[in-house]
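Here are some short exercises to work through with the model open beside you. Try each task before reading its solution.

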Amino acid sequence: SPFETLHETAGVPTAQISATFQAPSRHGDHLDINMWITRIGGSSLGVSIQASNQAEKRFTADATLVYVNALGRPQRWPDKIRNALTPYFRSEE
């Protein structure tokens, strides 16, 4: 189901994010962005993001997302969502 339907009864705010910029990007540059899951916890999710232009790495970022209920309280990832996320898990590079 679409991501928007998830937000009718729950949410996935970013609890933490850090980024390192290895090289500048300029207006008009086309960046290839790869994202993968580094950790699936009870209610949290670790993700890594890498952006590059051709072979040049431009930035990397790591973030923690948290699955919360309609009241904003952390809750366990539903099995359906957890199972859908699992194929995108890989250890950090």
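The exercises below start with model confidence and then turn to one strand and its partners.

**Exercise 1. Find which elements of this predicted model have the lowest and the highest mean pLDDT.**

Solution. Start with the whole chain: this is a predicted model, and the protein averages a pLDDT of 90, with 90% of the residues scoring at least 70. Next, go through the elements: helix H1 (residues 3–6) has the lowest mean pLDDT, 62, while strand E5 (residues 56–66) has the highest, 97. A word of care for the first of these: where pLDDT is low, the predicted coordinates should not be read in detail.

**Exercise 2. Decide how many residues of strand E4 (residues 44–53) are buried, and what that says about its surroundings.**

Solution. Take the two faces in turn, with buried meaning under 20% relative accessible area. Ser-44, Gly-46, Ser-48, Gln-50 and Ser-52 point one way, and all are buried. Leu-45, Val-47, Ile-49, Ala-51 and Asn-53 point the other way and are buried too. That makes 10 of the 10 residues, so E4 is largely enclosed by the rest of the structure.

**Exercise 3. Work out which strands pair with E4, and how each is connected to it.**

Solution. Begin with strand E3 (residues 32–40), which runs antiparallel to E4 and is joined to it by 8 bridges. In this pairing Ile-40 stands opposite Leu-45, and a hairpin links the two strands through 3 residues.

Now look at E5: its pairing with E4 is also antiparallel, over 10 bridges. Here Gly-46 faces Thr-64 across the pair. This hairpin has 2 residues between its strands, and Gln-54 in the turn has a positive phi of about 55°.

Conventions: Residues numbered from 1 in each chain as written. Predicted model: local features only at pLDDT ≥ 70, side-chain atom pairs only at ≥ 80, totals over all residues. Heavy atoms only, no water. pLDDT = per-residue confidence, 0-100. Helix = DSSP H or I, 4+ residues; strand = E, 2+ residues; numbered from the N terminus. Buried < 20%, exposed > 50% of the residue type's maximum accessible area, 1.4 Å probe, protein only. Pairing = 2+ DSSP bridges.
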